[in-house]
Amino acid sequence: MKISSNVFSYGLLTLFAILVLVSACKKDDMDDMDDHSDPASSWVLIKTEYWNNSLSSGEWSEEPLGEFQTTRGNTSYYTKQEERGMEISVTNPNPTPPSTPQYLHGYYTWEPPPSKIKPDQNVNIEVNQEVLSNVTGGLGTRISLRMYMNFNIPVQMVITKPVDLVENKYTDIGFGMPSTRPEAYNTGRKAVVFSGDSWGVGAEGSQQELRIYASHGAAETTMYTRYIYEWK
C-alpha cells in the first residue's frame, strides 16, 4: 500500500506537536515542584507584633507595648511588655471571699526564635521564669506562659527540658497555686525549653506564626507576642 507524502508529513507534524505538548506539561509540573520543594525555600521571619488589653480587639502593635496598669474591684493588675519579655503582677489586699492578701509577681524572658525555619523542622525555644512574689492569698490562682504554632488552628508547644517535666508533656510554665500538676510550677527561677514541629511546605507568600502568650487568666493581664513567618 502506498502512503502519500502529504499524509506522511501531516502525521510527523502531529507527532511532533504531541511531543512538544507533553514536554511542556512536564516542564510545568517540574516548575510547580520547584516552587514548593526547592531545598533553598523556608519559612522566613518577616515581622514581630505585640498585643495586650490596652489595645482594641484585633489590633496589633509593631512595637512592644511597655507598661499597662488597671484595677477591677479590689484587684490591681500590672503588665510590662518588652521585645522578648513579659512581666505580670496581680495585687489584691482584700480578696473576696475573705482571705489573706494576694500578691503575684513574675517575669518571663525567652531566646530569639529562628530567623528561618525549614519544613517540619523541630523548633526549640528556651524560656526563663523569675518569680518575684508568690503570695496567692490562699486562692487557686496562677500566672503562666505558653507557646503556640500555626496561624489558624493553634498547636501548643510542649516542654522538653528539664527532664522532670518531659514525661507529662506540659504545655505551660507558671507559678502560684494550681489545682493540678503542681510539679509544673515553680516558686523561684526556672528555665524550660518549649518544642514543636514546624509547618510543612508552603505556597509562595503563605504565612504562619509562632505565638507566645502569658496571663493570670484575666483579660487585664493577657499579653501576646507573635512572630510571623512567610514561605520564601
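This passage describes the fold, strand pairing and aromatic contacts of a predicted model. Local features are restricted to pLDDT of at least 70 and side-chain atom pairs to pLDDT 80 or more, whereas totals for chains, interfaces and linings use all residues. Residues are numbered from 1 along each chain as its sequence is written, and side-chain values use heavy atoms, with hydrogens and water left out.

The protein chain contains 1 helix and 14 strands; helices (H or I, at least four residues) and strands (E, at least two) are DSSP runs numbered from the N terminus. Of its 232 residues, 39% are buried, where buried denotes under 20% relative accessible area, exposed over 50%, and partly exposed the range in between (1.4 Å probe, protein chains only). The chain exposes about 13000 Å², of which carbon and sulfur atoms supply 54%; accessible areas come from the Shrake-Rupley method with a 1.4 Å probe, and for residues only the protein chains shown count as cover. Among contacts in the protein chain (heavy atoms within 4.5 Å) with a separation of 6 or more, 64% involve residues 24 or more positions apart.

An open sheet is formed by 7 strands in the order 2-3-4-5-7-12-10, with antiparallel pairing; two strands pair if DSSP finds at least two bridges between them. Strand 2 (66-72) and strand 10 (158-161) are the edge strands, each pairing on one side only. On average, neighbouring strands of this sheet are turned by 25° against each other, direction ignored; axes are lines fitted to C-alpha atoms, for helices over the stretch in contact, and angles run from 0 to 180 degrees between N-to-C directions. Strand 2 is joined to strand 3 (residues 75-82) by 7 bridges in the antiparallel sense, and F68 has T79 in strand 3 as its bridge partner.

Strand 13 is mostly covered, with 7 of its 9 residues buried. Strand 13 pairs in the antiparallel sense with strand 8 (residues 142-149) over 6 bridges and with strand 14 over 8 bridges. The bridge partner of R146 in strand 13 is Y213, while that of Q208 in strand 14 is Y229.

The count of aromatic pairs comes to 6; rings of Phe, Tyr and Trp (its six-membered ring) pair if their centres lie within 6.5 Å, and planes under 30 degrees apart count as stacked, over 60 as edge-to-face and the rest as tilted. The pair of W43 and W199 is edge-to-face because the ring centres are 5.5 Å apart and the planes stand at 70°. This pair links distant parts of the chain, with W43 in strand 1 (residues 43-52) and W199, 156 residues away, in the loop between strand 12 (189-197) and strand 13 (207-215). Both W43 and W199 are buried. The pair of W51 and Y224 is tilted, at 5.9 Å centre to centre and 55° between the planes. W51 lies in strand 1 and Y224 in strand 14 (residues 223-231), so this pair ties together parts that are 173 residues apart in sequence. W51 is buried, with a relative accessible area of 15%. Ring pairs also link W43, W199, Y229 and W231 into a cluster.

Charged groups sit over rings as well, under the criterion that NZ of Lys or CZ of Arg is within 6 Å of the ring centre and within 35 degrees of the ring normal. The charged end of R211 sits over the ring of Y224, 5.1 Å from its centre. For R226, the charged end sits over the ring of W60, 3.9 Å from the ring centre.
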